[in-house]
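The exercises below are to be worked with the sequence and the structure side by side. Try each task before reading its solution.

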Amino acid sequence: MSRCICIHGHFYQPSRENPWTGRIDLQDSAYPYHDWNERISAECYAPNAAARILDGEGWVLEFVNTYRQISFTAGPTLFSWLEREKPDLHAAIVSADRESQKRYSGHGSAIAQPYNHLIMPLASMRDRETQVIWGIRDFSNRFSRMPEGMWLPELAVDYPTLDIMAGHGILFSILHPPQAARVREIGEKEWSAAGNGGIDTTMPYLCRLPSGKAISIFFYDARISHEIAFGDLLQDGRRFASRLIAAFPPGSSTGLVHVATDGETYGHHRQFGEMALARCLADIASGGHARLTVYGEYLEKHPPTHEVGILENTSWSCVHGIARWSGGCTCSTGRYPGWSQDWRGGLREAADWLAGRLAGLYMKAGSAYLRDPASARDEYIDLLLDRSGPVVDRFLARHAVRGFSHEDRVAVLKLLEMQRHAMLMLTSCGWFFDDISEPGSVQVLRHAARCIQLAGELGGGDLEPGFLEILRRTPCNLLKYENAADLYRTEVRPAVMDLARIAAFAAAASHCSGCREPLQMPGFYICSEVCDTGEHAVGSLHIRSQATLEEGYYVFAVLHDDLGMPLVSILPCTDEASCRTLAGALAEDLRTCGRAGIEHFASRHSGSRRYAFDQFTRGEQRAIIDRMLGSRIGALESTVRAAYLSHGPFLPLVSDTGGECVLGAGLRLLLMQAAADRDILAALLKGMRHQPLEPEGFARGGALDGMIAEKLRSALEDRGNVPLLEELLQTFEALRELGMHPDLRKSQLLYHTFCRERSPAADDTAGGEWLKNLKRLGVYLRVRPP
């Protein structure tokens, strides 16, 4: 059969990591998750790796990894986060690409993307080259193959960008139909106008490039894609499949129907969209009306018969071309009618001004260390993928003009980090939304601040005044900020950190009240020794950045205020020996003079700094509190239980907010018990009668599903243990009495997988009562055993 369907999802998230720590800070707007990566992963990326297919009665029949059957973009800044924070999910997606190659004639479902999603036509030619190289290298390292296709950020396109992609072996890209300017059959002389999106989307086109190279272009079906993203097509997976099949011309036996949307449409933008996608894929695969494919396979079997000319400097998300990322555009999300978008031009001017000066500094300073600074920057992706010592040594040896001292190595790596942040500063999300005060724009300003800091350390002078001069002319829609420069001074400059500031947090988190284990920070090597001083901590700390190899030795003292929050004093030292000597002296001062000893010590040694708890970021504060509570959780559970048994029915009457907090604490306590505590359950039910609350509110964030899944895992691993299963059944009964129906995707998958792989019905060793309870569990989970 030659009628083919391809569904493409563009899976991407910008770099949200703190430019100084490499960790994503707490993001309140993503509540109940820590940050937006966590939230979107839970709502979209993970569900698509195990999407549920339901029967007519709403019971789970099967789980499908949709990544095996669709085409998808593997955005590097997203997938590097997944690999670090969600390794099992990352492995499932990579495995799906391998399996798709068996399904699609050796062609994988994943395609590449320029590294950090900057608008390619607005970038310098040098940046474009690096972005393509980094995107390809990240992809090949992740999927163990070369990418065939590459998705352009926001589909912003021009001929030079396509030329660079083709020059690095990219075979095809995907565009929006209105981006086609003219078409003709290969071999014909006359062109025909494409007609504002009127191009035939059922075939690939050859696009000849100024260099003489060529690349194939697929133009997706814009109408159906819009129905998926903004209509109601994902409310019914069967209707989704029927809509795609109906798009073939009547009587046709060949051709390609293909759609493209943000991958986050399937689960994040549209709740349970991954389930509609799974049902759609299943119906197409079994229906016999068309076959699923991916772009690489279709291109091999159906080479272009026509060629196309494109409209340069156009995109899929700005009707004004690419002005959304350069200024002079009124495109917005529509959330804030009346807001001006004039800020975009100022932000672009400031970013381009800074990027130009950073590029000059890199080439000038880099030439003193590197044989070819441009080549070294292109190959820096090797260190982003693996910062282990041997890889760093080989990289520096390959590019060095001479033997490097430690200081030389630090300088070179800082230069390369400066260039990385200079490109992250140009990430498209900084201009996409409605104001320069929004998180995406503040993030690119933070990358700019990191660049300014590194440039100053490398002898490039202070670039901040010139940057702020442009931001001073840049408006901000929020009245609390006079202009963008005021926003920078208020929200960005206080976030700037040096190694001593990072060391202070490491000391506070490692040695706060009740903490005994040293803090591990991704991206840093940290080693500390503590002198015995009783309730307070005094010691020495060695910290080294994996990115730049910059290191420091510090003496620290961690005291505690009246609330038990840490107060940190920190003093830089020249080496490990002096650090230990000074730590011993400080410990003696603290033992003999108490807190006053810290003041005496600081007065004798210049360069010491002090940090109170409120000087740390909110994410750091939360990390410290979590570590402090870790040692107290057992006592806390006992206290909450006692309070519930004594005062449970009355506690919610204190206030609306207090009631919700108390009921939430009681619910978590109920689920943490090995078996549902009937006394606590009774108190909860009485409390909810006094103060009506929305029980489903407690189910947000997947916490309930995670807790139940852990209980289920223990019960399934201990086959034949009837009491364990009965305790779990009591938990489900308690949730039913509370009127709670949380999404139990993880638990359902665990149960379904166990039943499929272990064949429990045929297991004589489990015992009849255990098997009976296992079936009852399936009823609560609404999963039909395979």
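A residue counts as buried when its relative accessible area is under 20%, as exposed when it is over 50%, and as partly exposed in between. The model to which this is applied is a predicted one.

**Exercise 1.** Asn313 and Leu155 each have a positive phi although neither is a glycine; locate both residues and decide whether each is buried, partly exposed or exposed.

*Solution.* Begin with Asn313, whose phi is about 55°, and which is placed in the loop between strand E13 and helix H10 (343–366). Because its relative accessibility is 38%, Asn313 counts as partly exposed. Turn next to Leu155, which also has a phi of about 55° and is found in the loop between helix H4 (125–143) and helix H5. Its relative accessibility is 0%, and therefore Leu155 counts as buried.

**Exercise 2.** Work out the strand order of the open six-stranded sheet, and say which strands form its edges.

*Solution.* The order is E6-E10-E9-E13-E7-E8, and the pairing is mixed. The edges are strand E6 (172–175) and strand E8 (192–193), each of which pairs on one side only. Helix H5 (residues 159–167) packs on this sheet, where it touches E6, E9, E10 and strand E13 (306–310), and its direction makes about 115° with that of E10.

To see the mixed pairing, follow E10 (residues 214–219) to its partners: four bridges join it to strand E9 (residues 205–208), with the two running antiparallel, whereas the four bridges between E6 and E10 join strands that run parallel. In the first pair Cys207 stands opposite Ile215, and in the second Phe172 stands opposite Ser216.

**Exercise 3.** Which residues of E6 lie on each side of the strand, and are they buried or exposed?

*Solution.* In a regular strand the side chains alternate between the two faces of the sheet. In E6, Phe172 and Ile174 lie on one side, while Ser173 and Leu175 lie on the other. All four are buried, and both faces of E6 are thus covered.

**Exercise 4.** Identify the buried residues of helix H21 (residues 595–604), explain why they lie on the same side of the helix, and name elements that cover them.

*Solution.* The buried residues are Gly597, Ile598 and Phe601. They lie on the same side of H21 because they cover an arc of only 105° around the axis. Their cover includes strand E16 (551–560), strand E17 (566–573) and helix H20 (576–593).

Conventions
Residues numbered from 1 in each chain as written. Predicted model: local features only at pLDDT ≥ 70, side-chain atom pairs only at ≥ 80, totals over all residues. Heavy atoms only, no water. Buried < 20%, exposed > 50% of the residue type's maximum accessible area, 1.4 Å probe, protein only. Arc of directions from axis to C-beta. Contact = heavy atoms within 4.5 Å. Pairing = 2+ DSSP bridges. Axes fitted to C-alpha atoms, helices over the stretch in contact; angles between N-to-C directions.
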